[in-house]
Amino acid sequence: MADSGQVSSEGKKLRIITIGALIGFIAFLYLVQLFVMQVVNTGKFSQDATSFSQRSVAVPAKRGEIFDRSHTAPLVLNVDSFQVNFNPAEVPNGDIPQVLAKLAVILRMPFTELERRVPPYLYASFQTIELKKAVDYSTVTRIAENLSLYPGVSWDSSPIRSYVDLESLSHVVGYVGNITQDELQVLYNQGYGLRSVVGKSGIEKRFDLTLRGKEGARFRTVDVNGRNVDSTAKDEIIPESGKDIVLTIDRDIQRLAERALGSRMGSVVVLRPATGEVLAMVSYPYYDPNKFYTDEANREYARLQIDPAFPFLNRTIQSTYPPGSTFKVIMTTAILGDKVLDPNRTFLCTGTVEVGDRVFKCNKLTGHGVVNLAAALAQSCNIYYYSAGLEYLGIDRIDDYSMRFGLGQITGIDLPGEISGLVPTPKWKERTLNYPWLGGDTVNTSIGQGYLQVSPMQMANVVAMVSNAGKVFRPHLVKAIIDPATGRVEESQPEILSESTIAPEVWAQVQDDMRGVISEGTAAVVITTKAVKVAGKTGTAEDGSKGSSNHSWFVAYAPWDDPDPMNRVVVAVQVEKTNEWEWWAPKAADLIFHGIFTQETYEEVLQDLKPWYVRAP
Amino acid sequence: MSDERTKPLFTIDPTLALAVLGLMTMGVLFIYSSGVNSNGVLITTEYMKQILWAGIALIVLVSFSYVNYSLLRDLSFWIYLFFLILLVLTLLFGRVVNGAKAWIGIFGLGGQPSEFAKIATVLFLARFLANKRGQISDWKVFTQAFLIVAIPMILILRQPDTGTTLVFIPIFLVMLFIAGGKVRHILYIAMVGVLSFVLALIPAVETLIYRESNGFGNLLTDPKVLAIIGGTLTLLVALCVVGFQQFKQRIYYWLGYFFSILLIAFLVGYVLRLILKDYQIMRFIVFLDPSVDPKGSGWNLIQSMTAIGSGGFLGKGFLLGTQSHYRFLPMQSTDFIFSILGEEWGFVGALAVFSCFLVLMLRMLFIMQTIKDNFGVLVISGFVGMFFTHVFVNIGMTVGIMPVTGIPLYFMSYGGSSLIAASLAVGITMNIYNRRFRF
């Protein structure tokens, strides 16, 4: 039998042993794999197991609130808002369309939109899908009360910001939004995540880390459907609330300045020169950040983006203009400081002067006649400053004094996006325009024209320097940071930005000359307030393009005669030339000064002052 | 010798019986455990049903160890035919279980014919091969043997139940090997099979895992390139055939051997790519890299490995698993029963399961060695191949060595058909052993 079969008994035995060996070998490999998994690497798998069943729920930190200097009612509130999510794997596949249909009704969303977010191929997915953002508390309550009707539905709390009567403060306070990819790349190392909400502009952006606090976490053990298995929360990281910020802004002055500027494109800065506190900061036009948290957010944002008036621009620090005649304050200081010219020496203004082959005109074409330095500033005589700039000072000294006053440099205010403007030097002109500096350029610069570019905030600082007799404090908007948990108040201290070596007599003279502008000079007709003695300088500036009207400037401080520096206030107003309101800047400043020193509202100022330039309403 | 012949014919082999009882007990325990939810409440009565089925299975086991197996041999063709018809009926009238039309019955009584079709095929193939001694290498015999296996495979693939279909291949190979088939022929089939799958999956591997084309996948998808490769390989095979006939040199034989493997695998791989559904391809892909789809197809594998790995040496304790009771682990009572055991009883429990299965299979091999009846030897070899495949594919799937194919772990997974079929196989083995001296 063994011979007839192909399997000899030896051959059969060998083949059976081969099979046995194969089984043994594979079993051995399997046991090695099991040993590696269960004994060698069991720690890693245990961690995985814990991470599967331990879910950490982020507990959002309350974002800090923002107050004005009176620290009464907040300018920004946090309002409850929710994001509704859906986990398809928790619902039997056949029921999903039904659940979505019910959600469409309660979330007030088109059914097709929900279908798009939860397509059939995701029906078995364990991934949570976001259905809708910015769902209000009452809707979520209704879902929670009937949770059995909405299987697989969950929600996250994501409070939104609500800005209260912000109006012109929108540029100061700013707004928040979801972090973008670009922002995350920069901020990742500072503890921001994919779902962080981050300040996009203003104080919200600059002090985001202070305001946001620290997110907490709650750990719970869950089953695969995310249901709590263990009711006792074992570990919890308590969120740290963000700190509150008290601004230096005085809401009354802000409102006053806002109304005084009205709907004229431009900006106002009100500063306390003794500390650098910004009391008001208005830039028109402004925007309403609350609209960014509604369903029309994208449309509103797009509309503002393409608005030719650039409502997102904070004109006080993000726009620069030629300073025009306000620059004569710096010129005067330079003339006196470097003693290049006897202030009593007179020039004859005939209305025009020739430099090279160009003819420069005075603002008064018939001429000012005989003027000394004080009269030249008061009357804003261009001819005087042409000669002084070209023949006595020279561009290097002009530039030097401009820099000493902080032009061409950022002020370092605690807001993002400040720009530095430009102080033109011969080197700069040769490098960028590839053309030599000419006498005409010096003449132009002498009256704040040409290439010179300054921001209203810089001009406010120029006046602050004069009023402080050489000292400038860094302008700032944050008065104090308050930790709501401990109540600890961190007051911001005035910080000296620059201190000049110019002699005190020079400053006294400049102050007197600036007073002269109001008492007997160009601003005499428009500064009608008797509440306080104002010292300042007007300015009308051409910006190179042809047009009937000019940029209107007025920079001033008051009171001129009070020795206590804490009482002094600087006001800088800039109204862009696109407005038909000729010469509005000193008029606005007149209203603002009167309001500040009589503690009246805009309406009361109008009634009290009855200015000739505002028609009775 | 004579006193041995008078030994009773229906003794129960204690070794096999103990292994089977051990596995069944563990099965019931962990089916019970899998029914306990995260709040510690038992939510199904699956374990009760399993106990009932285990009772039936044991009765079947004892009965079949008693009935003379020569009856099975004589009826093997009709049994085979009966189950083929039943498979066809299942395709027509069957009920869908886990995505495959695999269940048939009347009045709520019924089962999965594919489980029993394996046994029927083993019996019929054993009879066929036992009658063809000395002719196994003949291509005619080989083709016939292959057809016996291929017909039920095609019917089961239509359900579609890929896992059960694939079980037939190792059964066929083991039986062919024991029947005296040439090693190079068996390797030929094995290599064609493996290579076909590899070639079928390469394009998907490239797009889903590497996420960039290194050009290799294009070779298998571009029809023009396909035609060129297919043509070249055909030409090479033809050259080898001619060369072998002309010069009778072995080098032509072996070159032809390898080129034809490539050619067939190439064609089968192409056909497989057309037949296999996306989700089936995805199962193989996540086996290679579960992170491709961690919440979808990769979920089962990740959760199973996490459950077993976190079990540690001694396990988390009976009823104390977290992956299982918090329902992260899918299909715990059926396909992934080993995972819940591995989590709650740890490496020690896994060792116990392995011991039982090793005892079972090695004892069957020992029985094969002691009996002289060729039919009996081949039947048991088929059963060994069947157990071998089920055990290693199922456990391999839970520990990430094998792709996820839904075949049950014999004696342990919840379900009557597989339990009774496996017991049937053990019963027939005991029967053959009891009658070893009659031949």
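A nonpolar surface patch of about 1100 Å² sits on chain B of this predicted model. Helix 4 of chain B, residues 69-93, gives the most to this patch, with 10 residues. Chain B itself comes to 17 helices and 3 strands, while chain A has 21 helices and 25 strands.

**The nonpolar patch on chain B**

- Aromatic members of the patch include B:Tyr66, B:Phe77, B:Trp78 and B:Phe93.
- Leucines also take part, among them B:Leu71, B:Leu75, B:Leu81, B:Leu89 and B:Leu92.
- B:Val67, B:Ile85 and B:Val88 belong to the patch too.
- B:Leu71 lies in helix 4 of chain B.
- The relative accessible area of B:Leu71 is 47%, so this residue is partly exposed.
- Patch residues need over 30% relative accessible area, and B:Leu71 has 47%.

**Chain B as a whole**

- Chain B has 439 residues, and buried residues make up 54% of them.
- About 19000 Å² of chain B is exposed, and carbon and sulfur atoms supply 70% of that area.
- Among contacts in chain B with a separation of 6 or more, 71% are between residues 24 or more positions apart.

**Helix 11 of chain B**

- This helix covers residues 250-275, which is 26 residues.
- From first C-alpha to last, helix 11 of chain B reaches 37 Å. That is close to the 38 Å expected at 1.5 Å a residue.
- Buried positions in helix 11 of chain B include the glycines B:Gly256 and B:Gly269.
- B:Tyr257 and B:Phe266 are buried in this helix as well.
- So are B:Ile261, B:Leu263, B:Ala265 and B:Leu272.
- B:Ser260 and B:Arg273 are also buried there.

**Chain A as a whole**

- Of the 617 residues in chain A, 51% count as buried.
- The accessible surface of chain A comes to about 28500 Å², with 52% belonging to carbon and sulfur atoms.
- Residues 24 or more positions apart account for 70% of the chain A contacts that have a separation of 6 or more.

**A hairpin in chain A**

- Strand 16 (residues 352-355) and strand 17 (residues 358-361) of chain A pair in the antiparallel sense. Their pairing runs over 4 bridges.
- A:Val355 stands opposite A:Arg358, which is in strand 17 of chain A.
- The two strands form a hairpin with 2 residues between them.
- A:Gly356, in the turn, has a positive phi of about 60 degrees.

**Cis peptide bonds**

- In chain A, a cis peptide bond joins A:Tyr284 and A:Pro285, with omega about 0 degrees.
- A:Pro285 is in the loop between strand 14 (277-284) and helix 11 (297-306) of chain A.
- In chain B, B:Gln159 and B:Pro160 are joined by a cis peptide bond, and omega is about 0 degrees.
- B:Pro160 is in the loop between helix 6 (139-157) and helix 7 (162-178) of chain B.

**Positive phi outside glycine, chain A**

- A:Asp165 is not a glycine, yet its phi is positive, at about 45 degrees.
- The loop between strand 7 (160-163) and helix 6 (170-173) of chain A holds A:Asp165.
- A:Asp165 counts as exposed because its relative accessible area is 51%, and exposed means over 50%.
- A:Gln599 has a positive phi near 55 degrees.
- A:Gln599 is in the loop between helix 20 (584-598) and helix 21 (602-609) of chain A.
- With a relative accessible area of 73%, A:Gln599 is exposed.

Conventions: Residues numbered from 1 in each chain as written. Chains lettered and ligands numbered in written order. Predicted model: local features only at pLDDT ≥ 70, side-chain atom pairs only at ≥ 80, totals over all residues. Heavy atoms only, no water. Patch = residues over 30% accessible without salt bridge, like charges linked within 9 Å, V, L, I, M, F, W, Y side chains within 5 Å. Areas by Shrake-Rupley, 256 points an atom, 1.4 Å probe, with all protein chains shown as cover. Salt bridge = Lys/Arg side-chain N within 4 Å of Asp/Glu carboxyl O. Buried < 20%, exposed > 50% of the residue type's maximum accessible area, 1.4 Å probe, protein only. Contact = heavy atoms within 4.5 Å. Pairing = 2+ DSSP bridges. Expected span 1.5 Å × (residues − 1).
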